[in-house]
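Me: I am new to this structure and would like to understand the words used for it, one term at a time. Could you take my questions in turn and set each value against its definition?

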Amino acid sequence: MLKFDIKHCDGLARVGVIHTPHGDIETPAFVGAATRATVKALTMQEMNDLGSQAILANTYHLILRPGTDLIKEAGGLAEFCGWHKPTFTDSGGFQIFSLPNVKITEDGVKFKSHIDGANFEITPESSMQAQWAIGADIHMAFDHLAKSESYEDMKEAMERTHRWLDRCITEHRKLSKSATSTGDGPGGGPLLSASEVGEEKVRQDPSRDSAGPVEQYLYAVVQGGTFNDLRAESAKYCASKNPDGFGIGGVFTAKGMDEMLKTVNSILPENKPRHLLGMGQEPIDLFVGAEYGCDTFDCVGPTRMARNGSLYTLDGRVNIKNAKYTRDFTPLMPDCDCECCKNYTRAYLHHLFKTDEITAKVLASIHNEHFIVHVVDQIRKSLKDSSFQSYKESFLNRYYHK
RNA sequence: GCUGGAAUCGUCUAGUGGCAAUGACAAGAGACUGUAAAUCUCUCGCGCUUCGCGCUUCGUAGGUUCGAGUCCUACUUCCAGCA
């Protein structure tokens with residue numbers, strides 16, 4: 001079972017530590033989105049330097065390219081991409097449901113690769129197998145996203161997610177048993193990573209289904225959309241299955257999120273970590289998420305917006321491509337201690353974006369990722385010293401110009 | 001000097017009698033939440049009461065025509081070939 005220590009509580013909010021085979025995550029924490037085993041525009045060294053504690057890769061993308069067998073052969077995700085800290089994988093459910101022409105059956109989902117049109121099928125079982133081959137520390141159950149916001153569709157998606165969760169858990173246990181019974185010792189204990197076991201040993205053991213750590217963990221995913229009765233039902237069901245932790249999925253805006261999280265996180269067991277899937281583009285998402293009991297977050301927003309020239313500051317987002325920054329020789333954010341703000345001016349960033357230099361996206365991504373990671377770090381600190389409410393109020397007032 | 005060819009929005013470009021005028025780039029602005037996203041959208045002659053209306057535009061000046069960026073004449077400039 002995944003070890004999660006809670007150090008401090010304040011209402012639903014909590015400060016804790018998730019102990020993974022690749023190290024600890026101090027929570028609340030923002031997890032970098034490394035969909036294709038890379039945080040776009042950034043090296044793992046840069047991610048480490050800006051303070052990131054963990055990354056999340058995507059099973060769907062890695063199945064298509066380079067293929068999960070290749071990642072297994074490489075020694076698992078951490079070895080493959082050079083990130084020797086905690087890793088998550090998303091199941092691929094969310095991506096597949098956003099593709100056109102998907103065929104959903106009770107068994108699984110048939111779809112065409114967005115790259116070359118090749119036919120694929122992912123089932124709860126195959127998603128688990130793929131995630132074990134990738135070998136991240138924490139896996140997400142393969143869930144079903146609703147095709148619309150309607151109650152009927154949400155209910156259907158939630159119920160299928162629950163049935164699929166049962167299959168995910170069965171398959172996960174099977175794979176876990178297989179991993180622990182093939183020579184690497186039962187459990188191996190925390191902090192026993194593939195690299196510590198020894199690359200050669202891992203690579204030469206064809207009987208293992210995973211090249212990652214011997215212990216890998218599964219989060220159930222809570223669905224139910226904006227309907228609190230469905231959320232409650234989903235949280236109860238997921239909790240009853242006793243997974244290692246929980247993903248909260250299908251959330252797209254901070255509006256109404258507080259009530260939803262109150263419902264869900266009051267039901268989920270307190271002693272297991274909760275990951276709010278896909279939220280964190282807006283600082284308010286992180287404040288509300290942490291306040292109402294979420295421990296980790298991931299979001300593509302910070303790096304995507306960085307690549308598109310929209311940069312976070314304490315006074316709100318700045319579109320650095322705007323003409324008004326041509327002669328602005330001040331740092332993007334004077335109080336920021338990221339590599340970008342410490343060394344470069346707005347005018348320089350503006351120039352790099354206008355000339356479409358790769359460095360523009362690199363520096364912007366360093367800043368945005370650092371900003372969001374840092375906001376969550378500050379939330380954690382403020383919860384520890386009981387200054388959360390005042391920090392939240394002053395930050396949000398300034399950021400959203402209230 | 002002769003003979004061809006060319007001149008259209010900041011730049012390049014489409015246009016062959018119904019046109020405020022095509023496309024690209026540049027420029028200006030906006031969007032982005034478990035990444036088919038280094039992507040996408042909007043504006044881009046001027047002015048308004050802006051799902052429309054008015055005005056002024058395709059080197060310059062005339063002409064033909066109901067109507068001209070498009071046809072004719074002259075001129076200006078540029079390009080190519082020949083002297």
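The questions and replies below go through helices, sheets, the surface near the RNA and some backbone angles.

Me: What should I know about the model and its numbering before we begin?

Reply: This is a predicted model, in which local features need pLDDT of at least 70 and side-chain atom pairs count only at pLDDT 80 or more, while totals for chains, interfaces and linings use all residues. Residues are numbered from 1 along each chain as its sequence is written, and chains are lettered from A and ligands numbered from 1 in the order in which they are written.

Me: How do you know that the span of helix 16 agrees with what is expected?

Reply: Helices (H or I, at least four residues) and strands (E, at least two) are DSSP runs, numbered from the N terminus, and the expected span of a helix is 1.5 Å times one less than its number of residues. Helix 16 covers residues 358-384, and its 27 residues should therefore span 39 Å, which agrees with the 39 Å between its end C-alpha atoms. Helix 17, residues 388-399, can be treated in the same way, since its twelve residues reach 16 Å from first C-alpha to last, close to the 16 Å expected.

Me: What makes helix 16 mostly covered?

Reply: A residue is buried if 20 or more other C-beta atoms lie within 10 Å of its own, exposed if 12 or fewer, and partly exposed in between, with C-beta atoms placed from the backbone. In helix 16, 20 of the 27 residues are buried, and the helix is accordingly described as mostly covered.

Me: Which strands does helix 16 lie across?

Reply: Helix 16 lies across strand 1, strand 2 and strand 3, and runs at about 120° to strand 2. Contact here requires that the C-beta atoms of two residues, placed from the backbone, lie within 7 Å, and the angle, on a scale from 0 to 180 degrees, is taken between N-to-C directions of lines fitted to C-alpha atoms, for helices over the stretch in contact.

Me: How do you know that strand 1 and strand 2 are joined?

Reply: Two strands pair if DSSP finds at least two bridges between them, and seven bridges join strand 1 to strand 2 (residues 13-20), the two running antiparallel. One of the residues involved is K3, whose bridge partner in strand 2 is H19. The open sheet has three strands in the order 1-2-3, with antiparallel pairing; strand 1 (3-10) and strand 3 (23-27) are its edge strands, because each pairs on one side only.

Me: Why are strand 7 and strand 9 said to stand at the edges?

Reply: Another open sheet has its three strands in the order 7-8-9, again with antiparallel pairing. Strand 7 (103-104) and strand 9 (119-122) each have a single partner strand, so one side of each is left without a neighbour in the sheet. Strand 7 is joined to strand 8 (residues 109-112) by two bridges, and I104 stands opposite V109 of strand 8.

Me: What makes a residue count as near RNA strand B, and which come nearest?

Reply: A residue is near a molecule or strand if its C-beta atom, placed from the backbone, lies within 6 Å of it. There are 47 residues around RNA strand B, and H114, G278, V300, S310 and A323 come nearest. Helix 13 (301-307) gives the largest share of this surface, five residues.

Me: Why is D356 called exposed?

Reply: D356 has 8 other C-beta atoms within 10 Å, and because of this count it is called exposed. This residue sits in the loop between helix 15 (346-354) and helix 16. H401, in the segment after helix 17, also counts as exposed because it has 8 C-beta neighbours inside 10 Å. S126, in helix 6 (residues 124-134), has 19 other C-beta atoms within 10 Å and is therefore partly exposed.

Me: What makes the backbone angles of D356 and H401 worth a remark?

Reply: Most residues other than glycine have a negative phi, and most peptide bonds are trans. Phi of D356, however, is positive, near 60°, and H401, although not a glycine, has a positive phi of about 55°.

Me: Which peptide bond before P28 is cis, and where does P28 lie?

Reply: The bond from T27 to P28 is cis, with omega near 0°, and P28 lies in the loop between strand 3 and strand 4 (29-33). A cis bond also joins R65 and P66, with omega about 5°.
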